[in-house]
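Work through the exercises below with the sequence and the model open. Each task is followed by a solution in steps.

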Amino acid sequence: MKVKVLGCYGGQLPGKNNPGFILNGDLLIDAGTIALNSTIEEQRRIRNVIISHPHLDHTGALPFFAVNIVSNKAETVKIAGIENTLNAIKSHILNGVIWPDFTKIKNFGGKEIFEYMPVKEGEWFELGGYTIKAIPVNHTVPTCGFLIGKGGHYIMYSGDTKTTDAIWKEAAALGDKLKSIFMEVSFPGELKALAETSGHYVPQTMEEDLKKLGGIKPKIFVYHIKPEYFAKVKKELAAVKGYKITVLCDKKEYAV
Ligand SMILES: [Zn+2]
Ligand SMILES: [Zn+2]
């Protein structure tokens, strides 16, 4: 599988955008950045979207994506997430006030632009040829990480979280079928208290939780670093031994 990074930071500065990842050209994982770093053709190839939680850095690009696919004649784009997440998008973003409700607007082919697809925590579901499970993690609002499989290979996407258990346990159970982990790390170790209250990892708490993988060694791709602390976090990540850790960059593609 391959991932194109549209944005991979836990904040915005020039050249550093919020989380948004296109898997194999057709599945968007989180929607913090879409239109800023993908062509209109790339956006129109996105068939489905999965959203980890409602925070704006993971949902804020949906309105501009919607506008860019109106003149498309493709099928409706499904937006999947747990009920709390989808309700927040409906109530607070695509609510007819902040932006139109694009589940009621049709594209040039006569199909609704968006359709919400509520998913249940802990249950595998099928979406666009992927097998996906949303697993609750440990953030300030209800948030899910995802296990995403295709052709017998899986990746884990952590979502925003601090120290947590369930997703690591399920990832470990996949054994060598788990090829890569998209891992949030937001702050350097000196801000561990802030990371705790805001529901995020620092490199040291990530290192502790990697032990929960029970010895399997998937590739680790780090995202959600706060741009201000990028250099410090990267340096601390280099001190984590025993894993192939890559700090992601916007606009690059990675084999996962
Ligand atoms: Zn968040
Ligand atoms: Zn976030």
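The exercises deal with strand pairing, a helix, the nonpolar core and some loop residues.

This is a predicted model, in which local features need pLDDT of at least 70, side-chain atom pairs count only at pLDDT 80 or more, and totals for chains, interfaces and linings use all residues. Residues are numbered from 1 along each chain as its sequence is written, and chains are lettered from A and ligands numbered from 1 in the order in which they are written.

**Exercise 1. The open sheet**

Task: Give the strand order of the seven-stranded open sheet and identify the strands at its edges.

Solution. Step 1: helices (H or I, at least four residues) and strands (E, at least two) are DSSP runs, numbered from the N terminus. Two strands pair if DSSP finds at least two bridges between them.

Step 2: the order is 7-8-9-10-11-12-13, with mixed pairing.

Step 3: strand 7 (124-127) and strand 13 (245-247) are the edges; each has a single partner strand, so one side of each lacks a neighbour in the sheet.

Step 4: from one strand to the next the twist averages 25°. For such angles, axes are lines fitted to C-alpha atoms, for helices over the stretch in contact, and the angles run from 0 to 180 degrees between N-to-C directions.

**Exercise 2. The surroundings of strand 10**

Task: Determine how strand 10 pairs with strand 9 and with strand 11, and follow the chain from strand 10 to strand 11.

Solution. Step 1: strand 9 (residues 144-150) and strand 10 run antiparallel and share five bridges. Leu147 stands opposite Met156 of strand 10. The two strands form a hairpin with two residues between them, and Gly151 in the turn has a positive phi of about 60°.

Step 2: strand 10 and strand 11 (residues 178-184) run parallel, joined by four bridges. Here Met156 stands opposite Ile181.

Step 3: between these two strands the chain passes through helix 5 (residues 166-173), a right-handed β-α-β crossover. Right-handed means that, with the strands pointing away from the viewer, the path from the first strand over the helix to the second runs clockwise.

Step 4: a residue is buried if 20 or more other C-beta atoms lie within 10 Å of its own, exposed if 12 or fewer, and partly exposed in between, with C-beta atoms placed from the backbone. Four of the five residues of strand 10 (residues 153-157) are buried, so the strand is largely enclosed by the rest of the structure.

**Exercise 3. One face of helix 5**

Task: Find which residues of helix 5 are buried and what covers them.

Solution. Step 1: the buried residues are Ile167, Trp168 and Ala171.

Step 2: seen down the axis of helix 5, these buried residues fall within an arc of 100°, so they line one face. The arc is that of the directions from the helix axis to the C-beta atoms.

Step 3: the cover includes strand 8 (130-136), strand 9, strand 10, strand 11 and helix 7 (203-210). Contact here means C-beta atoms, placed from the backbone, within 7 Å.

Step 4: just after helix 5, Gly175 has a positive phi of about 60°.

**Exercise 4. The largest nonpolar core**

Task: State how many residues the largest nonpolar core has, and list the contacts of Val185.

Solution. Step 1: a nonpolar core is a set of buried Ala, Val, Leu, Ile, Met, Phe, Trp, Tyr and Cys residues joined through C-beta atoms within 7 Å.

Step 2: the largest one has 68 residues, and those with the most contacts inside it are Val49, Ile148, Met156, Val185, Phe221 and Val222.

Step 3: leaving aside neighbours within four places in sequence, Val185 is in contact with Tyr201, Val202, Pro203, Met206, Val222, His224, Ile225, Val233 and Leu237.

**Exercise 5. Two positive phi values**

Task: Are His224 and Lys251 buried or partly exposed?

Solution. Step 1: most residues other than glycine have a negative phi. His224 has a positive phi near 75°, and Lys251 also has a positive phi near 75°.

Step 2: His224 lies in the loop between strand 12 and helix 8 (230-238). With 29 C-beta neighbours inside 10 Å, His224 counts as buried.

Step 3: Lys251 is in the loop between strand 13 and strand 14 (253-255). Lys251 is partly exposed, with 15 other C-beta atoms within 10 Å.

Definitions and conventions
Two residues are in contact if their C-beta atoms, placed from the backbone, lie within 7 Å.
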